[in-house]
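This report examines one protein model, with attention to its packing, its metal site and its charged pairs. Please consult the sequence and coordinates alongside the text.

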Amino acid sequence: MPLTNKQHDAIMRGYDRRQYLNYRQLCARQDEIYQKFPRIREIEENISSYSLRQAEKLFDADPNALSDLKTQLLSLRQEKELLLTKAGYPADYLDRHYTCPDCQDTGYIGRKKCHCFQREEIRLLYSSSRLEGILTEENFDTLSYEVYDEEQMESMPAIIRLCQNYVKTFDQEFKNLLFYGSVGTGKTFLTNCIAKELLDRRHSVIYFTAFQFFELFSAWNTSESEDFSRRHEALLESDLLILDDIGTEMANTFTVSKLFQVLNERVLRRNSTIISTNLSPRDFRDIYSERVFSRITSSYTLVKFTGSDIRIRKKIARSR
Ligand SMILES: [Zn+2]
């Protein structure tokens, strides 16, 4: 996804900051441990001088010297770990810790952008997304079966399991979901639960209500600016795209064809999408065309939500 230099620099500064903070924390851990166990400092100094010699020996043709050094290094490392764990510290307490171990907080794996970089891009391009605030309230930890009525209790446990499994297998399986069913049956809540889990696992997630989504396209209709093409690419590239409440906006030929393009392209790139709608499958097909509908039925798992409106029931319960 092409960023402007300024945007790219802003993200890279974030990595510099992270590296610096992690380095400072490492220094603090070292100070603490060296004071308590001077032997560990000695070991670490030995390890670094041995490692240096090992690197030098690599260029020599003396295999015995190299294997001697390796054995010494191993026993030093073991002694250090033993001292740490005996005192109740984790064995890697004096290792450098990374916010993202995959790219070691550099933003890149080889020449490829790390998933954490992609997530930063999306955060930058879609800073207005309302997602982050709401997720502290709506996630698997705050999920309660008490809100469901009798009818919902028949299907919800299986749906919740399906959502939890969706998160668990997200990295291995390419899967799209269509949540449908009447208003207030808990569809958005569960998409939020999934979004929260995946964001916590450092995946990139873009959330749109149908209204926001099509509003973006109307703007694209008139503007071909670079900013839009960047956002468009982010839309196609994010690990998960959530389109909430499809069917509440005014659909027309233009928006329907854009919707098809986005859904289709994401299927081709094997990037997952979750759609929620209050429409029945039949109404969905009538509004968004046979083409969109068959794209969805062929590559999405359809999940039906039943029962009465949870929000209304909560209100009635409160007023009693
Ligand atoms: Zn990373």
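Which residues have the most contacts inside the largest nonpolar core?

## Nonpolar cores

In this predicted model, the residues with the most contacts inside the largest nonpolar core are Phe213, Leu243, Ile246, Leu259, Tyr288 and Val292. The core comprises 28 residues in total. Two or more of its residues come from each of the following elements: strands E4 (205–209) and E5 (240–246), together with helices H8 (210–222), H9 (226–237), H10 (253–268) and H11 (281–299). Apart from this core lies another, of 27 residues, which includes Leu143, Tyr207, Ile242 and Ile310. In soluble globular proteins, nonpolar side chains tend to be buried together.

Leu243 illustrates the packing at the level of a single residue. With residues up to four places away in sequence left aside, Leu243 touches Phe208, Phe213, Leu259, Leu263, Ile274, Ile275 and Ser276.

## Zinc site

The zinc ion takes its protein donors from four cysteines: the SG atoms of Cys100, Cys103, Cys114 and Cys116, lying 2.3 Å from the ion. Along the chain, these donors follow the spacing C-x2-C-x10-C-x1-C.

What is the geometry of the site of the zinc ion? The site is tetrahedral, and the angles among its 4 donor atoms run from 104 to 113°. This assignment follows because four donors count as tetrahedral if all angles lie between 85 and 135 degrees. Of the donor residues, Cys114 and Cys116 are both buried.

## Salt bridges

How many salt bridges does a search of the whole structure find? The search yields 12. One of them joins Glu79 to Arg39, with the closest N and O atoms 2.8 Å apart. Glu79 belongs to helix H3 (residues 63–86) and Arg39 to helix H2 (residues 38–57), so this pair ties together parts that are 40 residues apart in sequence. Both partners are partly exposed: Glu79 has a relative accessible area of 30%, and Arg39 has a relative accessibility of 32%.

A further salt bridge connects Arg269 and Glu237, whose closest N and O atoms are 3.0 Å apart. This pair links distant parts of the chain, with Arg269 in the loop between H10 and strand E6 (272–277), Glu237 in helix H9, and their positions 32 residues apart. Arg269 is partly exposed at 28% relative accessible area, and Glu237 is likewise partly exposed at 27%. Both residues also belong to a network of salt bridges that links Glu233, Glu237, Glu265 and Arg269. Elsewhere, the side chains of Arg285 and Asp286 meet in a salt bridge with an N to O distance of 3.6 Å. Arg285 counts as partly exposed at 29% relative accessibility, whereas Asp286 counts as exposed at 52%.

## Loop residues and backbone

Phe37 occupies the loop between helix H1 (5–36) and H2. At 22% relative accessibility, Phe37 counts as partly exposed, because buried means under 20% relative accessible area. Phe37 touches Ala87 and Tyr89, not counting residues up to four places away in sequence. Its C-alpha atom is separated by 9.0 Å from that of Leu84, a residue 47 places away along the chain.

Most residues other than glycine have a negative phi. Which way does the phi of Gln104 point, positive or negative? Gln104 has a positive phi of about 50° although it is not a glycine. Gln104 is placed in the loop between H3 and strand E1 (108–109), and counts as partly exposed at 42% relative accessibility. Arg270 also has a positive phi, of about 55°, and is not a glycine. Arg270 lies in the loop between H10 and E6 and is exposed, with a relative accessible area of 56%. The C-alpha atoms of Arg270 and Leu236 are separated by 9.8 Å, and these residues are 34 apart along the chain.

## Model confidence

The protein chain has a mean pLDDT of 85, and 91% of its residues reach 70 or more. Which elements of the protein chain have the lowest and the highest mean pLDDT? Helix H5 (residues 131–134) has the lowest, at 66, and E6 has the highest, at 95.

How values were computed
Residues are numbered from 1 along each chain as its sequence is written. This is a predicted model: local features need pLDDT of at least 70, side-chain atom pairs count only at pLDDT 80 or more; totals for chains, interfaces and linings use all residues. Side-chain values use heavy atoms; hydrogens and water are left out. A nonpolar core is a set of buried Ala, Val, Leu, Ile, Met, Phe, Trp, Tyr and Cys residues joined through side-chain atoms within 4.5 Å. Buried means under 20% relative accessible area, exposed over 50%, partly exposed in between (1.4 Å probe, protein chains only). Helices (H or I, at least four residues) and strands (E, at least two) are DSSP runs, numbered from the N terminus. Contact means heavy atoms within 4.5 Å. Donors are N, O and S atoms within 2.8 Å of the metal (3.2 Å for Na, K and Ca); water is not among the atoms, so sites may look incomplete. Four donors count as tetrahedral if all angles lie between 85 and 135 degrees; four count as square planar and six as octahedral if opposite donors are over 155 degrees apart and all others between 65 and 115; anything else is irregular. A salt bridge is a side-chain nitrogen of Lys or Arg within 4 Å of a carboxyl oxygen of Asp or Glu. pLDDT is the predictor's confidence in each residue, from 0 to 100.
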